[in-house]
Amino acid sequence: LNFNKAEFVRSAGVQRDFIRDGLPQFAFAGRSNVGKSSVINRLVGRKNLAYVGASPGKTTQVNYFLIDRRAYLVDLPGYGYAKVSQAEKERWAKLMETYFQQEADRITAGVLIVDIRHKPTANDLTMHDWFRQTGCPEIVVANKLDKLKKSQVEPAMTLIRETLELTERDLLIPFSAEKGDGRDELIRHLTAACGG
Ligand code: GDP
């Protein structure tokens, strides 16, 4: 799957705008500011495909990007930003509930992005549960690797594994959207998830 061939297709704020054309879909989730846009931009080799630095939580939309005309990268709206209004939080919850209820069968793989420096939050755990309930393979990406010293990486990865109750077989990839670490590994797993 050539991730350098990527194009924005559509934003969906309501169910009728979800894409259901049968192509594989990779759903990307993470709390606001974790670097989800940066990870997506790194994957596709572009600076600005997923908008980086938009005020966190403001865009309660599911964004679809077509990869190599063969699969969709689905950018789910970020969560957990403290300054978001109650109305915005409710809009987010409703959209996600609809997405996970209606689209679960279409999710080929879930990508949960967490911050390698921190213990996953309660919201991360909720999202992790939602992915598990769909039954799709899940890949956890531990972003901002470049912010840790080498000696800090192993304990950080262990904390994430334990908090999310990952087994040895569950995929946890140390990643740096800034430097590019983990890109090839993530692309390999996503490509495998949709059959090569
Ligand atoms: P989003 O809200 O999850 O889409 O997060 P963004 O992609 O907008 O990133 C939030 C902030 O984290 C920005 O200032 C990015 O430059 C920074 N950032 C994202 N990924 C990394 C990374 O791997 N390393 C470092 N050092 N900074 C990162």
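Leaving aside neighbours within four places in sequence, Phe28 is in contact with Lys36, Ile40, Leu73, Val74, Asp75, Leu76, Val111 and Ile113. In this predicted model, Phe28 also belongs to the largest nonpolar core, a set of 46 residues in which Phe26, Phe28, Val141 and Ala142 touch the most other members. Strand 5, which covers residues 107-115, supplies the largest share of this core, namely 6 residues. Two of the contacts of Phe28, Val111 and Ile113, carry numbers that fall within the range of that strand.

The protein as a whole is made up of 5 helices and 7 strands, and from the N terminus on these elements follow the order β-β-α-β-β-α-β-α-β-α-β-α. The C-alpha trace spans about 50 × 40 × 30 Å along its principal axes. For 196 residues, a compact globule would be expected to have a radius of gyration near 16 Å, and the protein, at 16 Å, therefore agrees with that expectation. Of the 196 residues, 38% count as buried. Among the contacts in the protein with a separation of 6 or more, 75% are accounted for by residues 24 or more positions apart.

The ligand is surrounded by 19 residues, of which Gly35, Lys36, Ser37, Ser38 and Glu178 are the closest. Lys36 thus appears both among these closest residues and among the contacts of Phe28. The largest share of the shell around the ligand, 3 residues, comes from helix 1, which spans residues 36-44. By residue class, the shell comprises 10 polar and 5 charged residues, together with 4 that are nonpolar.

Attention may next be given to the backbone. Most residues other than glycine have a negative phi. Arg69, although it is not a glycine, has a positive phi of about 60°, and this residue is found in the loop between strand 3 (62-67) and strand 4 (71-75). A positive phi is likewise found for Lys144, where the value is near 75°; Lys144 is located in the loop that lies between strand 6 (138-143) and helix 4 (150-163). The surroundings of the two residues can be described through the number of other C-beta atoms within 10 Å. Arg69 has 10 such atoms and is therefore exposed, whereas Lys144 has 23 and is therefore buried, the cut-off for a buried residue being 20 or more.

Methods
Residues numbered from 1 in each chain as written. Predicted model: local features only at pLDDT ≥ 70, side-chain atom pairs only at ≥ 80, totals over all residues. Core = buried A, V, L, I, M, F, W, Y, C linked by C-beta atoms within 7 Å. Buried ≥ 20, exposed ≤ 12 C-beta atoms within 10 Å, placed from the backbone. Helix = DSSP H or I, 4+ residues; strand = E, 2+ residues; numbered from the N terminus. Contact = placed C-beta atoms within 7 Å. Near = placed C-beta within 6 Å. Nonpolar A, V, L, I, M, F, W, Y, C, P; charged D, E, K, R; others polar. Rg over C-alpha atoms; globule rule 2.2 N^0.38 Å.
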